[in-house]
Amino acid sequence: MIRADNFKTGSTLDDNADFRVVECDFCKCQYIHDFEHCTLFYDPNDLDRSFLTLFRYDDDEKNYPLPCRKCKQKEWDFKDIDYDEREHILKGEWGWAI
């Protein structure tokens, strides 16, 4: 597990937030997931692009699960990235978050 300790979603970091770097099961595209609030941050350049991971469907289109950014799979899942891959993440698009 790689924690995203520098990741903030507002002016103050919620004490309950548990941000982790995760990757798509299919293609290893990276995302930030707040496990405490069940929110997946989809785009490293637009943090407003996110959706809830707790529910499958939602009336709010913003929270509707989007396809993976890289492989475009619609039915995808994610998993924690091992600490051994930290250097790979630091060089990637979410590097600023860890």
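Which residues do ring pairs link into a cluster? Keep that question in mind while you open the model, which is a predicted one, and select Tyr31, Tyr42, Phe51 and Trp76, since these are the residues that the ring pairs join. The structure as a whole holds five aromatic pairs, and the tour below starts from the strands that carry some of these residues.

**Stop one: strand β3**

Select residues 30-34, which make up strand β3, and colour them by burial; five of the five residues are buried, so that the strand counts as mostly covered by the rule that buried means under 20% relative accessible area. Now show the side chains, and you will find Gln30, Ile32 and Asp34 pointing one way from β3, while Tyr31 and His33 point the other way, with all of them buried. Tyr31, which you have already selected as a member of the ring cluster, therefore belongs to the set that shares its direction with His33.

**Stop two: the neighbour β2**

Add residues 19-24, strand β2, and follow its pairing with β3, which is antiparallel and runs over five bridges. A convenient landmark is Val21, whose bridge partner in β3 is Ile32. Between the two strands lies a hairpin with five residues, and in this hairpin Lys28 takes a positive phi near 70 degrees.

Stay with Lys28 and show its side chain together with that of Glu23, because the two form a salt bridge in which the closest N and O atoms are 3.8 Å apart, inside the 4 Å limit for such a pair. The two partners differ in their surroundings: Lys28 counts as partly exposed, at 47% relative accessibility, whereas Glu23 counts as buried, at 3%.

**Stop three: Arg20 and its partners**

Still in the region of β2, select Arg20 and Asp18, which form a salt bridge with the closest N and O atoms 2.8 Å apart. Both Arg20 and Asp18 are buried. Next show the ring of Phe35, for the charged end of Arg20 sits over that ring, 4.1 Å from its centre.

**Stop four: strands β4 and β5**

Return to β3 and add residues 39-43, strand β4, which runs antiparallel to β3 and is joined to it by three bridges. Ile32, the residue that you saw as the bridge partner of Val21, stands opposite Phe41 in β4, and His33 has Leu40 as its bridge partner in β4. The hairpin formed by β3 and β4 has four residues between the strands, and in its turn Cys38 has a positive phi of about 55 degrees. Like β3, strand β4 is mostly covered, with five of its five residues buried.

Then extend the selection to β5 (46-52), which pairs with β4 in the antiparallel sense over four bridges. Here Phe41 has Ser50 as its bridge partner, and the hairpin that joins β4 to β5 passes through two residues.

**Stop five: Arg69**

Finally, select Arg69, which lies in the loop between β5 (46-52) and β6 (78-80). Is this residue buried or exposed? At 17% relative accessibility, Arg69 counts as buried, because the cut-off is 20%.

Display everything in contact with Arg69, leaving out residues up to four places away in sequence, and the list is Cys29, Gln30, Tyr31, Tyr42, Asp43, Pro44, Glu93 and Trp94. Three of these names deserve a closer look, and each can be shown in turn.

- Gln30: its backbone oxygen lies 3.2 Å from a polar atom of the Arg69 side chain.
- Tyr42: the charged end of Arg69 sits over the ring of this residue, 6.0 Å from its centre.
- Glu93: its side chain meets that of Arg69 in a salt bridge, at 2.0 Å from N to O.

The last of these pairs links distant parts of the chain, with Arg69 in the loop between β5 and β6 and Glu93 in the segment after α1 (86-90), 24 residues apart. While Arg69 is buried, Glu93 is partly exposed, with a relative accessible area of 41%. Elsewhere, salt bridges that share partners join Asp18, Arg20 and Asp80 into one network, so adding Asp80 to the selection from stop three completes that group. The count of salt bridges comes to five.

Definitions and conventions: Residues are numbered from 1 along each chain as its sequence is written. This is a predicted model: local features need pLDDT of at least 70, side-chain atom pairs count only at pLDDT 80 or more; totals for chains, interfaces and linings use all residues. Side-chain values use heavy atoms; hydrogens and water are left out. Buried means under 20% relative accessible area, exposed over 50%, partly exposed in between (1.4 Å probe, protein chains only). A polar contact is a pair of N or O atoms within 3.5 Å; within protein, one must be able to donate a hydrogen and the other to accept it, and residues adjacent in sequence count only if both atoms are side-chain atoms. Contact means heavy atoms within 4.5 Å. Two strands pair if DSSP finds at least two bridges between them. Rings of Phe, Tyr and Trp (its six-membered ring) pair if their centres lie within 6.5 Å; planes under 30 degrees apart count as stacked, over 60 as edge-to-face and the rest as tilted. A charge sits over a ring if NZ of Lys or CZ of Arg is within 6 Å of the ring centre and within 35 degrees of the ring normal.
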